[in-house]
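Q: Please take a close look at the metal site of this predicted model, and then follow the chain outward from there. A formal account with explicit cut-offs would be appreciated.

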Amino acid sequence: MGVERKVLVVEDEPVINQAVTDRLRGSGYDVVQAWDGPGAVKVFAEAVPDLVVLDVMLPGFDGHEVCRRIQADRPVPVLMLTARDDEADILVGLGVGADDYLTKPFRMRELVARVGALLRRVDRAAELAERTNSDLGDLRIDPAARRVWVSGSEVHLTPTEFDLLLCLAASPGVVLSREHLYAEVWGWPGASGTRTVDSHVKALRAKIGTGRVRTVHGVGYALETPHE
Ligand code: CA
């Protein structure tokens, strides 16, 4: 990878914040810290991190609001830490631009692995863009500019939703398993992230139209090919 990647850790519980920070530093990352909502937005602007580890429950304003504000500034991968394995909570997070989430309590080893996978995904997105089909009937994708139009109107996708769409659009009409999508988009093999995939597909459908991504129960998802 060469250049040292910078991670912003946002967590109001000092012991957890420091433990995550120490572990990431031990794994070779440059780490900056914040302990509340306003502090997170400030440090983000000053330190320009490559990735943010973001707790949801924070003083000032919460992690969802932090995510909304920093993603409006510039797209950045966000790993959200949630206290509960609550789908509603997770969907709110994904809707404001979180890319992946971990439920507390989590293992440090898993956190470091997810951080590494998210950063690798940024590099992989360029490769995916080369394989994608950019013209799918009334769905048009500009991989270089990372923009999408449905029936001529631009749709704003989060970085993860965009990468997921690119992956589906690389093989339109082909059913891709949730495990395959997780490995391709998140760069992380195995079945541990299949719910993450489901949640992002749900969010993607809400934006590009429910009928465009077909669910094959027990298997995975396929992007519908355009009907002439
Ligand atoms: Ca907290």
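A: Along the sequence, the residues that donate to the calcium ion follow the spacing D-x42-D-x1-M. The pair formed by aspartate 12 and methionine 57 links distant parts of the chain, 45 residues apart: aspartate 12 sits in the loop between strand E1 (6–10) and helix H1 (14–26), and methionine 57 in the loop between strand E3 (51–55) and helix H3 (63–73). Helices (H or I, at least four residues) and strands (E, at least two) are DSSP runs, numbered from the N terminus. The protein donors are Asp12 (OD), Asp55 (OD) and Met57 (O), at 2.0 to 2.3 Å from the ion. Donors are N, O and S atoms within 2.8 Å of the metal (3.2 Å for Na, K and Ca), and water is not among the atoms, so sites may look incomplete.

The model is predicted, so local features require pLDDT of at least 70 and side-chain atom pairs count only at pLDDT 80 or more, whereas totals for chains, interfaces and linings use all residues. Residues are numbered from 1 along each chain as its sequence is written, and side-chain values use heavy atoms, with hydrogens and water left out.

Accessibility is described with three words: buried means under 20% relative accessible area, exposed over 50%, and partly exposed in between (1.4 Å probe, protein chains only). By these limits aspartate 12 is partly exposed at 28%, while methionine 57 is exposed at 61%.

Helix H1, which comes after the loop of aspartate 12, has 13 residues and spans 18 Å from its first C-alpha to its last. This is close to the 18 Å expected at 1.5 Å a residue, where the expected span is 1.5 Å times one less than the number of residues. Asn17, Val20, Thr21 and Leu24 of H1 are buried. These residues lie on the same side of H1 because they cover an arc of only 100° around the axis; the arc is that of the directions from the helix axis to the C-beta atoms. The face turned away from this buried side carries the exposed residues Val15 and Gly26. Valine 15 has a relative accessible area of 69%, and its C-alpha atom is separated by 50 Å from that of serine 151, 136 residues apart along the chain. After H1 comes glycine 28, with a positive phi near 95°.

Several backbone features lie elsewhere. Most residues other than glycine have a negative phi, and most peptide bonds are trans. Valine 48 has a positive phi near 50°; this residue is in the loop between helix H2 (37–47) and E3 and is partly exposed at 47%. Serine 151 likewise has a positive phi near 50°, lies in the loop between E8 and E9, and is exposed at 52%. The peptide bond from lysine 104 to proline 105 is cis, with omega near -5°, and proline 105 belongs to the loop between E5 and H5.

The empty space can be described next. On a 1 Å grid over the protein atoms alone, a cavity is a set of points where a 1.4 Å probe fits but cannot get out, and a pocket is an open set with protein on both sides within 12 Å along at least five of seven lines; lining residues have an atom within 4 Å of a point. Grid points are joined across faces, edges and corners, and a volume is the space filled by probe spheres set on the points.

The count comes to 1 cavity of 30 Å³ or more, and the largest cavity has a volume of about 40 Å³. Its lining includes Val56, His64, Asp89 and Tyr101. Strand E4 (78–82), helix H4 (87–95) and strand E5 (100–103) each supply at least two lining residues, with H4 giving the most, 4 residues.

The largest pocket holds about 590 Å³. It is lined by 29 residues, of which Gln71, Pro75, Val76, Arg146 and Pro159 are the closest to its centre. H3, H5, strand E8 (147–150), strand E9 (153–155) and helix H6 (159–170) each give two or more residues to this lining, and the largest share, 5 residues, comes from H5. Alanine 129 is located in H5 (residues 108–131) and is buried at 19%. The C-alpha atoms of alanine 129 and proline 143, 14 residues apart along the chain, are separated by 5.2 Å.
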